[in-house]
Amino acid sequence: MKSFRFAVKQIIPFLFSYLFIGLAFGVLLNKAGYSVLWAFLSGVFIYAGSMQIVMVSLLSSGVPLAMIAVMTFFVNARHIFYGIGFVDKFRKMGWQYPYMILTLTDETYSVLCSLEYPEAVDEQQVDFTIALLCHLMWIFSCTFGSLFGELVPVDMTGIEFSATAFFVTVCVNQWRQFDSRIPAITGLASAIIFYFLLGADRFILPALSVSLIILAIMKDTISIGMEGANDDR
Amino acid sequence: MTVDFTYSVAALMIVALVTALTRATPYLLFGGKREMPKTVSYLGNVLPASIMIILVLYCLRNINLTAFPFGLAEFFSVAVVITVQIIKNNTFLSIILGTACYMILIRTVFLV
């Protein structure tokens, strides 16, 4: 029960962005002529916010299937980088292993990669609860958006910023936790450089790949920095 | 609008499968029974710090830097989030204040 409550507390910060983005998707899909069943199934089986929204416009303009596959790959390829840190952790989780892999979104990734577990909780149970609750929340908001999205009277424009805000808080926390500044600065620098070189839609993959390569090359420097600081504790 | 059923089912399945594939790639590469290469587990530890900053910029990618309001609402609100998070260390509070700030700014000062 403690683990459950702890897990719920961790996902409160991005409740709004999940609800809003799912809602927006549901409304769009509905307008494109798809019934609520489609919204529900997308939430269950795709479970990727920005890609689902992109999919609606691909569907409406009848883009060829091969092109859809390529687009999906480029929109979601950042996920390839998310899993790297969780292989050892997730594979100890038995039947939950495939579920944990397939439900790692931007949000759950940022929670799980920066989580500090209190002693009283069961880590594995916390991770699984977070994954499951987020997925259910997403399915709910997609479905709800499709059914009632247009009835929401308040103008919620801008609420999607709460996702950005959440990622910023994770960055601040990591800045505190990490002993080496090199990983954060590498990410920032490569993102900015590739943003100006390649533009808004194409910078993320090169930025992630180059960061990975630089961090791999600087392994010895960074590891020594991290160990040295750990010894002081 | 009429919906082409077969096409739509195929499209949805493709999006779901390719998304799943991107998520499963690291496990397909390193998830076997053998031990993880040291460099990979090291990367798993340090990469999140790079990834999260890149993800923040990814969220801000649609800002137009060449025309009013130059993303000022976004930059100001991000600054609010960072400041509150440093001073209060309360994630929920930082998000609420930052988002409220953003929603107010785009309705008042930085109308688009």
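In this predicted model, chain A runs from its N terminus as an unbroken series of helical elements, α-α-α-α-α-α-α-α-α-α-α-α-α-α. The count is 14 helices and zero strands.

The overall dimensions of chain A were examined next. Its C-alpha atoms fill a box of roughly 60 × 50 × 35 Å along the principal axes. The radius of gyration is 19 Å. A compact globule of 233 residues would have a value near 17 Å, so the figure for chain A agrees with that expectation. Buried residues account for 44% of the 233 residues in chain A. Contacts within the chain often span long stretches of sequence. Of those between residues at least 6 apart, 78% join residues at least 24 apart.

Chain A also meets chain B. On the chain A side, 70 residues are in contact with 61 residues of chain B. Helix H11 of chain A, residues 161–177, gives the most to this side, with 13 residues. By class, the chain A side has 49 nonpolar, 17 polar and four charged residues.

The largest nonpolar core holds 94 residues and has members from both chains. The members that touch the most others are A:Phe167, B:Val15, B:Met52, B:Ile54 and B:Val56. Helix H2 of chain B, residues 38–59, supplies the largest share of this core, 13 residues. A:Phe167 illustrates the link between the chains. Residues up to four places away in sequence aside, A:Phe167 touches B:Met52, B:Leu55, B:Val56 and B:Cys59. A:Ser110 is also touched by A:Phe167, from within chain A.

A second site of interest is A:Ile68. This residue lies in helix H5 of chain A, which covers residues 65–76. A:Ile68 has 21 other C-beta atoms within 10 Å, and because the threshold is 20 or more, it is classed as buried. Beyond its neighbours within four places in sequence, A:Ile68 is in contact with A:Leu58 and A:Val63 in chain A. Across the interface, A:Ile68 is in contact with B:Ala11, B:Ile14 and B:Val15. Of these partners, B:Val15 is also one of the core residues that touch the most other members. A:Val54 is 14 residues from A:Ile68 in sequence. The C-alpha atoms of A:Val54 and A:Ile68 are 9.7 Å apart in space.

Definitions and conventions
Residues are numbered from 1 along each chain as its sequence is written. Chains are lettered from A and ligands numbered from 1 in the order in which they are written. This is a predicted model: local features need pLDDT of at least 70, side-chain atom pairs count only at pLDDT 80 or more; totals for chains, interfaces and linings use all residues. A nonpolar core is a set of buried Ala, Val, Leu, Ile, Met, Phe, Trp, Tyr and Cys residues joined through C-beta atoms within 7 Å. A residue is buried if 20 or more other C-beta atoms lie within 10 Å of its own, exposed if 12 or fewer, and partly exposed in between; C-beta atoms are placed from the backbone. Helices (H or I, at least four residues) and strands (E, at least two) are DSSP runs, numbered from the N terminus. Two residues are in contact if their C-beta atoms, placed from the backbone, lie within 7 Å. The radius of gyration is taken over C-alpha atoms; the globule rule is 2.2 Å times the number of residues to the power 0.38. Ala, Val, Leu, Ile, Met, Phe, Trp, Tyr, Cys and Pro count as nonpolar, Asp, Glu, Lys and Arg as charged, and the others, Gly among them, as polar.
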